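Please read the following report with the sequence and the structure side by side. It goes step by step, so that each statement can be looked up in the view.

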Amino acid sequence: MTVTDAQVTALRAVLTGDGETFDRLGGESGQDYGEEIGILTATAFGTAARHRFPGQWSMPDLIRFVGQVRARDQGEYADINASAAEQMLRAALSDEPMRGEFDEAANAYAQAVILAELVSDLDAQQLDAFLAEARVQANRHLAAHARS
Amino acid sequence: VNVETTDLDRSIAVIRALLAEDFDTYRHLNAELGASANKMFAVVLGTAFTEAASRRFGNEPSIAEIVEFVADARASYSRTGEQVTAEDAEHMIRAALGEDHLIDTMDGRAMGAAQTAMLFALVHENGTSPDEVDRLLTTAAEQAEAYLHRTERG
């Protein structure tokens, strides 16, 4: 299994708020995006988190960042599960498992919004390069798991 | 000696020590509270917290303002950030301002932790003076007494 072009395009659509493309691709494939997009998103999330918080970081840094995202645009994203978002960032930066139990939908929503914020300073070209790199890493991960 | 008044005074003393950042006294007095004083303490903590939250956010706070305040408080006091979740703290503040249903399923310990941490943050946000702390605690004591009289009659 490898990440497909459609899966990369779907993640790109999520990160740029292009709901139309995301829905169209889902309709064309006639199914959900499969587990590969989960691996691709997680890989992208880890890379983006390390880019945003290089070197030393602390939980207060992560708490402030998540708070800023949730408070932005008059609290449009206040319904993100803050604990899930904070723990997801901590896990990505420390290479440790996520602490706490959160439902899948809360995790996916927090991951998508936080990742979108993490890459929001990239222009279109940089975003394409970032996703291409995440795809390579996700494929390595998938290949390693297929062998084991 | 009126036992309730004594419990009220002791409860106020615990909260005063917390707000004065005299943590040794706070821990000592808190540990000495017995069962009846613990009940009073929970009521006074609740009224002090509600009063402080109302003063800070008014009647129509924006969700964004509360989210920002809580994130800043949890980030500023690292132990608070670990012990009190954003959800618990935000829900306690919103409940104090009228959205009671948000804490329907919250357990007592989490409520107490969130109220204590956010009361501390609310009072220290803009360097509240000792006189203002006194006024806050006087109001909280009056409201706690009124609440207890109402519940006794009910």
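What follows looks at one helix, then at salt bridges within the chains, and then at the interface. The model described here is a predicted one.

**Helix 6 of chain A**

Helix 6 of chain A covers residues 104-118, which makes 15 residues, and from its first C-alpha to its last it reaches 21 Å, close to the 21 Å expected at 1.5 Å a residue. Two residues of chain A, A:Ala105 and A:Ala116, give a sense of scale, being eleven residues apart in sequence and 17 Å apart in space when taken from C-alpha to C-alpha.

The N-terminal end of helix 6 of chain A is capped by A:Asp103, which places a side-chain oxygen 3.1 Å from the backbone nitrogen of A:Ala105. A:Ala105 itself lies in helix 6 of chain A, and it counts as exposed because its relative accessibility is 56%, where the cut-off for exposed is over 50%.

Other residues of this helix are buried, and they are A:Ala106, A:Ala110, A:Gln111, A:Val113, A:Ile114, A:Leu115 and A:Leu118. Part of the reasoning here rests on helix geometry: an α-helix has 3.6 residues a turn, so residues three or four places apart point the same way. What covers the buried residues of helix 6 includes helix 1 (5-15), helix 3 (34-52), helix 4 (59-75), helix 5 (82-94) and helix 7 (124-147), which belong to chain A.

**Salt bridges within the chains**

Side chains of opposite charge can pair when their charged atoms come close. Over all chains the count comes to 15 salt bridges, and the table lists some that join residues of one chain.

| Pair | Closest N to O |
|---|---|
| A:Glu117 and A:Arg72 | 2.0 Å |
| B:Asp134 and B:Arg16 | 2.3 Å |
| B:Asp24 and B:Arg27 | 3.3 Å |

In chain A, A:Glu117 forms a salt bridge with A:Arg72, and this pair links distant parts of the chain, with A:Glu117 in helix 6, A:Arg72 in helix 4 and their positions 45 residues apart. A:Glu117 counts as partly exposed because its relative accessibility is 22%, and A:Arg72 is likewise partly exposed, at 30%. A:Arg72 and A:Glu117 also belong, together with A:Asp73, to a network of salt bridges.

In chain B, B:Asp134 and B:Arg16 meet in a salt bridge; this pair too links distant parts of the chain, since B:Asp134 is in helix 8 (residues 130-153), B:Arg16 is in helix 1 (residues 3-19), and they are 118 residues apart. B:Asp134 is partly exposed, with a relative accessible area of 33%, and B:Arg16 is partly exposed as well, at 35%.

B:Asp24 and B:Arg27, by contrast, both lie in helix 2 (residues 23-32) of chain B, three residues apart, about one turn of the helix. B:Asp24 is exposed, with a relative accessible area of 60%.

**The interface of chain A and chain B**

How many residues of each chain are in contact across the interface? On chain A there are 14, and they are in contact with 15 residues of chain B. Between them the two chains bury about 1,000 Å², 59% of it on carbon and sulfur atoms.

Three salt bridges are found across this interface, and B:Arg74 forms a salt bridge with A:Glu86, with the closest N and O atoms 2.7 Å apart. There are also six residue pairs in polar contact across the interface, with both residues at pLDDT 80 or more. On the side of chain A that touches chain B, helix 4 and helix 5 of chain A each supply at least two residues, and the largest share, eight residues, comes from helix 4. By class, this side of chain A has six nonpolar, five polar and three charged residues.

Notes
Residues are numbered from 1 along each chain as its sequence is written. Chains are lettered from A and ligands numbered from 1 in the order in which they are written. This is a predicted model: local features need pLDDT of at least 70, side-chain atom pairs count only at pLDDT 80 or more; totals for chains, interfaces and linings use all residues. Side-chain values use heavy atoms; hydrogens and water are left out. Helices (H or I, at least four residues) and strands (E, at least two) are DSSP runs, numbered from the N terminus. The expected span of a helix is 1.5 Å times one less than its number of residues. Buried means under 20% relative accessible area, exposed over 50%, partly exposed in between (1.4 Å probe, protein chains only). Contact means heavy atoms within 4.5 Å. A polar contact is a pair of N or O atoms within 3.5 Å; within protein, one must be able to donate a hydrogen and the other to accept it, and residues adjacent in sequence count only if both atoms are side-chain atoms. Buried area is the accessible area (1.4 Å probe) that two parts lose on being put together, summed over both. A salt bridge is a side-chain nitrogen of Lys or Arg within 4 Å of a carboxyl oxygen of Asp or Glu. Ala, Val, Leu, Ile, Met, Phe, Trp, Tyr, Cys and Pro count as nonpolar, Asp, Glu, Lys and Arg as charged, and the others, Gly among them, as polar.
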